[in-house]
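Please walk through this structure with me, starting from individual side-chain pairs and ending with the chain as a whole.

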Amino acid sequence: MSPDQRMTQPEATHLRQLPAVAAVLATPEAEALRERYGRTATTGAIRLAIDDAREALRAGEATAPGVAELARRAGRKLAAGAAGLRPLFNLTGTVLHTNLGRALLAEAAVEAAVDAMRHAVALEYDLATGMRGERDDHLRGLLRELTGAEDATVVNNNAAAVLLCLNTFALGREAVVSRGELIEIGGAFRLPDIMARAGARMVEVGTTNRTHPADYRDALNERTGIVLKVHTSNYRIQGFTADVGARELAAIADAAGVPLLNDLGSGSLLDLSRYGLAREPTVREAVAEGARLVTFSGDKLLGGPQAGFIVGDRMLIEQVNRNPLKRALRVDKLRLAAIEATLNLYRDPDRLAGRLPTLRFLARRQADIAAQAHRLRPAVAERLGDAFVVEAGDCRSQVGSGALPLDTLESTALLVRPRGSQHALERLAAALRALPRPVIGRVADGALWLDLRCLDEADEAPLLASLAQLGAGASDTP
Ligand SMILES: *Cc1c(COP(=O)(O)O)cnc(C)c1O
């Protein structure tokens, strides 16, 4: 049975109202799209728009859209398809949102990356001697200064840093880790899986809540390649607990002649308590405690691009760099330029919060965010229309990326509630996601929360301009 035979007579008439592709292509709107995206892409998008309209008619929609409307819908499809990674407003209240790309880079880092894109750079070239250089040379000095470690190297991300260390020191050997530290960090980073892929045999010691020095000592033998300590970044074990501190564990590992790797996860270069945040161990402290290797992320609390740092003893870092996997995990010139610029900002801690967006957002005081919410509320309410009530309401932001998991920050959100059904709220959230510059909030307790912590003052006007585009976008969301 063909689809046409299934149709009732009125339905068929209905579908015949749909314009042909050629008729839509002939509109001035489609002409503009052809100019911008080319004929093939425009024709394809128009076809999809007509297919969608046909589906909607079959599902009971009363009237068929006209040619100009179909061209506009095709235009929205083309715009969305052309830039899947277009900028959006992160109003989720999670500062380092892994799904939204974590840290925003400092201006200096953006400029450095752009320069490295446009121009040749001395990536592996020693300007002093005119000989071949190392790509790690650019960051080694900075990382040594900022962490107190002897040597340093950089790879794609912290997962890669841990993988590379395990593979270098525990391939075909044993890697000793406490049961209380066998973490999963969202997505696919599960420590036991990383160990297996690194070729290490995992030896678990202790129990979920308690691990003692003797547990480690008993597990160490001639097959041991590495001892691992993992910062349990996204959860905390409380109550009847015991773990072995890094300093004591470093001594135990040293006595057995195997390196201790301390995976800090977020790893900050500064004591963040001076910005009103909870104290996290700094990288410098972890190095001073005696771990031979310390790993941490570039795009968590550090506020740079995605990267994984390995700092520690020179001989061990040299071994890491000789591992052929290093080549597969290395970082390109754009990111190296951005990392170098970001690390340079840390040499001037007094001005860091003004320059590093991550720190600026984390350090924002609630009074400041609340004032912004009250200032923006009327304009946002006007743009969302009569179907919604908009109020300023207290909420709590999160650091995100598993950093400081129990330490939420007092913040203020614009709280959007529908006057009518809950469906209106879901339709609004969908329409906000469909904007040319999407607005991403959080739906909870029957309201849409737009936490303003990550909205810079310079982004206020662009946000209101985006919301002003809602009309068209919201009305044709089914
Ligand atoms: C986040 C995290 C990782 C993974 O770091 P990425 O940079 O996301 O690859 C590894 N270990 C710990 C403890 C972490 O918190």
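Which kind of interaction do the side chains of aspartate 254 and arginine 292 form where they meet? In this predicted model, the two side chains meet in a salt bridge, with a distance of 2.9 Å from N to O. The pair links distant parts of the chain, since aspartate 254 belongs to helix H12 (residues 246-256) while arginine 292 lies in the loop between helix H13 (283-288) and strand E9 (293-297), 38 residues apart. Aspartate 254 has a relative accessible area of 35% and is therefore partly exposed, and arginine 292, at 28% relative accessibility, also counts as partly exposed.

A second salt bridge joins arginine 347 to glutamate 145, and here the closest N and O atoms are 3.0 Å apart. This pair, too, links distant parts of the chain: glutamate 145 sits in helix H8 (residues 137-147), whereas arginine 347 is found in the loop between helix H16 (333-345) and helix H17 (352-355), the two being 202 residues apart. Arginine 347 is partly exposed because its relative accessible area is 48%, which falls between the limits of 20% for buried and 50% for exposed. Glutamate 145, with a relative accessible area of 38%, is partly exposed as well.

In a third pair, glutamate 285 forms a salt bridge with arginine 279, and the closest N and O atoms are 2.6 Å apart. The relative accessibility is 31% for glutamate 285, so this residue counts as partly exposed, and it is 45% for arginine 279, which is likewise partly exposed. These pairs are examples from a count that comes to 36 salt bridges.

Salt bridges can also join into a network, as they do for Glu29, Glu69, Arg72, Arg73 and Arg76. Glu69 leads from that network to helix H6 (residues 67-82), where Glu69 is listed among the buried residues together with Leu70, Ala71, Ala74, Gly75 and Leu78. The buried residues of H6 pack against helix H3 (21-25), helix H4 (28-37) and helix H5 (39-58). Helix H6 itself has 16 residues and reaches 22 Å from its first C-alpha to its last, which is close to the 22 Å expected at 1.5 Å a residue.

Another helix pairing is that of H9 (residues 158-170) and H14 (residues 314-322), whose axes come within 9 Å and cross at roughly 100 degrees. The crossing angle makes H9 roughly perpendicular to H14, because angles of 65 to 115 degrees are classed in that way. On the side of H9 the contact is made by Leu164, Thr168 and Phe169, and on the side of H14 by Leu316, Gln319 and Val320.

Turning to the chain as a whole, the secondary structure comes to 22 helices and 15 strands. The domain assignment gives domain 1 (9-82), domain 2 (89-101 + 360-468) and domain 3 (107-353), so that domain 2 is written as two segments. The centres of domain 1 and domain 3, taken over C-alpha atoms, are separated by 52 Å, and the C-alpha trace of the chain spans about 85 × 55 × 50 Å along its principal axes. Of the 478 residues of the chain, 46% count as buried. Among the contacts in the chain with a separation of 6 or more, 74% are accounted for by residues 24 or more positions apart.

Notes:
Residues numbered from 1 in each chain as written. Predicted model: local features only at pLDDT ≥ 70, side-chain atom pairs only at ≥ 80, totals over all residues. Heavy atoms only, no water. Salt bridge = Lys/Arg side-chain N within 4 Å of Asp/Glu carboxyl O. Helix = DSSP H or I, 4+ residues; strand = E, 2+ residues; numbered from the N terminus. Buried < 20%, exposed > 50% of the residue type's maximum accessible area, 1.4 Å probe, protein only. Expected span 1.5 Å × (residues − 1). Contact = heavy atoms within 4.5 Å. Axes fitted to C-alpha atoms, helices over the stretch in contact; angles between N-to-C directions. Parallel < 35°, antiparallel > 145°, perpendicular 65-115°, else oblique.
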